[in-house]
Protein chains: 2
Amino acid sequence: MVKRTSFEGDGCPIARSLEVIGDWWSLIIIRDAMLGLRRFGEFQSKLGVAKNILSARLRSMVDHGILETAPASDGSAYQDYLLTPKGRGLFPILVALRQWSEEFDDAPEEIDTIMIDRAKGRPVKKLELHAEDGRLLSLADITLKPRPAPRRRSAG
Amino acid sequence: MVKRTSFEGDGCPIARSLEVIGDWWSLIIIRDAMLGLRRFGEFQSKLGVAKNILSARLRSMVDHGILETAPASDGSAYQDYLLTPKGRGLFPILVALRQWSEEFDDAPEEIDTIMIDRAKGRPVKKLELHAEDGRLLSLADITLKPRPAPRRRSAG
DNA sequence: CAACATAGTTTCATTATGCAACCACTGGAG
DNA sequence: CTCCAGTGGTTGCATAATGAAACTATGTTG
């Protein structure tokens with residue numbers, strides 16, 4: 001086979017996530033879904049993505065439980081694409097992508113929006129990774145270990 | 001043009017990040033660089049990626065300041081690919097991808113590693129987004145606003 | 001029902017990716 | 001220095017993913 005390498009079945013959770021949302025458009029679509037877009041045409045006109053690509057991505061994300069279809073909120077017979085809890089769970093990934101650009105982009109003056117805390121109207125802090133005891137952790141502070149075998153209730 | 005849509009010049013920082021590391025292999029390579037891989041052949045044999053693809057990705061990431069080349073640490077005349085601070089800044093993105101899989105993966109029993117706090121050997125907490133005043137924030141608590149014009153020192 | 005909008009699918013061209021073969025350079029043995 | 005295996009690529013070709021536009025089907029408006 002000469003098809004694109006699949007990360008499916010890989011035990012690495014990063015690879016497993018990228019297998020689902022690691023393509024060119026999915027996260028962009030999710031970003032706009034989080035901004036409130038829900039109709040096929042809204043995504044299509046805002047993003048300028050080809051309709052066949054949009055159709056394929058929406059279907060894939062519905063299949064993966066990231067989006068779900070629902071009767072259109074405007075009462076028409078068309079459908080909305082809404083984020084599921086699994087889809088909303090992508091929020092930290094989008095925040096991390098945003099903050100990386102904010103911190104390291106070569107042309108930060110081209111960034112046109114900032115993310116603010118709705119209640120106070122102030123910029124948010126950087127995402128933080130903490131230990132169970134609350135210590136702030138960075139790359140050097142973590143390591144990987146094999147996943148412990150899950151406890152079995154019965155089947156002994 | 002029929003080439004792949006570029007997000008270059010887009011003002012959205014998420015799109016800007018994806019423009020750089022949103023392809024099929026970059027984040028996987030970065031993941032392994034964070035695990036300590038540094039030589040072309042190490043990436044090639046561990047990932048099984050085609051050498052032309054690996055070559056193109058490494059070059060792109062060096063061009064973007066995510067990786068840098070250095071004389072090989074083993075004294076040979078070959079070179080190492082090392083993470084720059086900008087590259088290490090991708091760490092939260094990888095953590096977010098990992099945690100999304102850990103929380104929502106349809107087959108979590110296939111995940112083979114967990115990330116632990118090196119000091120205590122305990123799993124880390126979920127990434128958290130906080131307001132300036134420390135409140136924990138979720139998707140519903142944030143909004144976007146136009147980036148304020150940067151202050152000018154002179155040129156008046 | 002006519003006319004138009006929405007939400008796709010199909011077709012075809014182009015780009016990206018994958019694999020294999022090839023090439024250049026390194027480092028060691030003789 | 002020559003021979004040769006290993007490293008680090010590049011090149012060429014096949015296939016898969018993507019993009020633009022045309023086409024289809026259904027919904028909506030009047």
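# Notebook: two chains on two DNA strands

I started at a base. In this predicted model, a base oxygen of DNA strand D is 3.3 Å from an N or O atom in the side chain of N52(B).

**Entry: strand D**

I looked up what else lies around this strand. I found 25 residues surrounding DNA strand D, and the closest are N52(A), R57(A), A77(A), R39(B) and S55(B). Both chains appear in that list of closest residues.

Next I checked the phosphates. The backbone of A77(A) places an N or O atom 2.4 Å from a phosphate oxygen of DNA strand D. Y81(B) uses its side chain: an N or O atom there is 2.7 Å from a phosphate oxygen of DNA strand D.

I then asked which part of DNA strand D the protein meets. Of the strand's atoms within 4 Å of the protein, 69% belong to sugar or phosphate, and the rest belong to bases.

I noted the elements too. At least two residues each of the surface near DNA strand D come from α4 of chain A, and from α3 (40-47), α4 and β2 (79-83) of chain B. α4(B) gives the most, with 4 residues. By class, I read 11 nonpolar, 7 polar and 7 charged residues on this surface.

**Entry: strand C**

I moved to the other strand. Of the 25 residues around DNA strand C, the nearest are R39(A), S55(A), N52(B), R57(B) and A77(B).

I listed three phosphate contacts here. A polar side-chain atom of T5(A) is 2.7 Å from a phosphate oxygen of DNA strand C. Y81(A) also has a polar side-chain atom 2.7 Å from a phosphate oxygen of this strand. G41(A) works from its backbone, with an N or O atom 2.9 Å from a phosphate oxygen of DNA strand C. The elements giving two or more residues to the surface near this strand are α3 (40-47), α4 (51-63) and β2 (79-83) of chain A, together with α4 (51-63) of chain B.

Which element gives the largest share of the surface near DNA strand C? I found that α4(A) does, with 4 residues. The classes near DNA strand C are 11 nonpolar, 7 polar and 7 charged. Of the atoms of DNA strand C within 4 Å of the protein, 69% are sugar or phosphate atoms, and the rest are base atoms.

**Entry: how the chains are related**

I checked the symmetry of the protein chains. A rotation of 180 degrees, with 0.0 Å of shift along its axis, superposes chain A on chain B at an RMSD of 0.1 Å. That is the relation of a two-fold axis. I also looked at the interface. Of the interface residues of chain A, 100% are also interface residues in chain B, so the copies meet through the same surface.

**Entry: D117(A)**

I picked one residue to follow across to chain B. D117(A) sits in strand β3 (residues 113-117) of chain A. Is it buried or exposed? D117(A) is buried, at 2% relative accessible area.

Its side chain reaches the backbone nitrogen of A119(A) at 3.0 Å. The side chain of D117(A) also makes a polar contact with the side chain of R135(B), at 2.9 Å. Leaving aside neighbours within four places in sequence, I found D117(A) in contact with R122(A) and V124(A), and with A131(B), R135(B), L137(B) and D141(B).

**Entry: cysteines**

Last, I looked for disulfides. I counted 0 over all chains. C12(A) is buried, with a relative accessible area of 10%. C12(B) counts as buried as well, at 10% relative accessibility.

Methods: Residues numbered from 1 in each chain as written. Chains lettered and ligands numbered in written order. Predicted model: local features only at pLDDT ≥ 70, side-chain atom pairs only at ≥ 80, totals over all residues. Heavy atoms only, no water. Least-squares fit on C-alpha atoms with pLDDT ≥ 70 in both. Contact = heavy atoms within 4.5 Å. Disulfide = S-S within 2.5 Å. Buried < 20%, exposed > 50% of the residue type's maximum accessible area, 1.4 Å probe, protein only. Near = heavy atom within 4 Å. Polar contact = N/O pair within 3.5 Å; in protein donor to acceptor, adjacent residues only side chain to side chain. Nonpolar A, V, L, I, M, F, W, Y, C, P; charged D, E, K, R; others polar.
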